[in-house]
Amino acid sequence: MDRAAAESILRTRGWLAGQPRGFQAALLRQARPVALDTGQAAYRIEDEPGGMYGLAAGALGVLVGEGGRAPRLAHVARPGAWLGHGPLMAGGRRVLGLRAMEPTVALLVPLAALQALALDSAEATRAFAVLVNANMGLLTTAVSDLLIPRRS
């Protein structure tokens, strides 16, 4: 998949599709294509801070593993998803992992570029907050699926 095709997918699906065109252009201008083979990690839990991935093709598994526990698959993201915003919002090391579940193409926006966008524009800061809110919804769904149903 070429860069133009990846950008087209990310402009029309998921979080970025709902953001202003100027922000879309500014974000994508900073992105670089990344291809991952099945099983390859984009990043691991406890990795150094890094950028954000926009998924254009394939699937990325989101891995959790708190307190030294072995990483476990919590969600499978599909094209249009944006993942890896934690270091932008909170700093620090990665608290989740991302692994390709099949051959995958993503656009990676480096952390420094994300930080510059957020500092430069209230519109960008709002857009990143919308992403955090959307991904929190995924977390809520995953937790809900794990809860023990109440028995009457």
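**Notebook: strands, sheets and one helix pair**

I began with strand β3 (residues 52-57) and found two bridges joining it to β6, the two strands running antiparallel. I note at the outset that the model is predicted. Within this pair, I saw that G54 lies opposite W82 of β6.

**Entry: the sheet around β3**

I next asked in which order the strands of this open sheet are arranged. I read the order as β1-β8-β3-β6, four strands with antiparallel pairing. I recorded β1 (32-36) and β6 (82-83) as the edges; each has a single partner strand, so one side of each is left without a neighbour in the sheet. I then looked for a helix on this sheet and found that α1 packs there, touching β1, β3, β6 and β8 (104-109). I entered about 100 degrees for the angle between the direction of α1 and that of β3.

**Entry: the other sheet**

I traced a further open sheet, also made of four strands, in the order β2-β7-β4-β5. I noted antiparallel pairing here. I marked β2 (41-43) and β5 (72-77) as the edge strands, since each pairs on one side only. For the twist I entered an average of 30 degrees from one strand to the next.

I then examined one pair of this sheet in detail. I counted five bridges between strand β4 (residues 60-64) and β5, which pair in the antiparallel sense. Which residue of β5 is the bridge partner of V62? I identified H75 in that position.

**Entry: a loop residue**

I turned to the loop between β2 and β3, where E46 is placed. I reminded myself that most residues other than glycine have a negative phi. I therefore noted E46 separately, as its phi is positive, near 80 degrees, and the residue is not glycine.

**Entry: α1 against α3**

I recalled that two packed helices are described by the angle between their axes and the distance between the axes. For helix α1 (residues 3-12) and helix α3 (residues 21-29), I recorded an angle of about 140 degrees and axes 11 Å apart. I classed α1 as oblique to α3 because of that angle. I noted the crossing of α1 and α3 as right-handed.

Which residues of α1 and α3 meet? On the α1 side I listed R3, E7 and R11; on the α3 side I listed Q24, A25, L28 and R29. Sorted by class, this contact of α1 with α3 holds four charged, two nonpolar and one polar residue.

**Entry: the whole chain**

I closed with the overall fold and counted six helices and eight strands in the protein. From the N terminus on, I wrote the elements as α-α-α-β-β-β-β-β-β-α-β-β-α-α. I entered a radius of gyration of 16 Å, close to the 15 Å that the globule rule gives for 152 residues, so the protein is as compact as a globular protein of that length. Along the principal axes, I noted that the C-alpha atoms fill a box of roughly 50 × 35 × 30 Å.

Definitions and conventions. Residues are numbered from 1 along each chain as its sequence is written. This is a predicted model: local features need pLDDT of at least 70, side-chain atom pairs count only at pLDDT 80 or more; totals for chains, interfaces and linings use all residues. Side-chain values use heavy atoms; hydrogens and water are left out. Axes are lines fitted to C-alpha atoms, for helices over the stretch in contact, and angles run from 0 to 180 degrees between N-to-C directions. Angles under 35 degrees count as roughly parallel, over 145 as roughly antiparallel, 65 to 115 as roughly perpendicular and the rest as oblique. A crossing is left-handed if the near helix is turned anticlockwise from the far one by less than a right angle, and right-handed if clockwise. Contact means heavy atoms within 4.5 Å. Ala, Val, Leu, Ile, Met, Phe, Trp, Tyr, Cys and Pro count as nonpolar, Asp, Glu, Lys and Arg as charged, and the others, Gly among them, as polar. Two strands pair if DSSP finds at least two bridges between them. The radius of gyration is taken over C-alpha atoms; the globule rule is 2.2 Å times the number of residues to the power 0.38.
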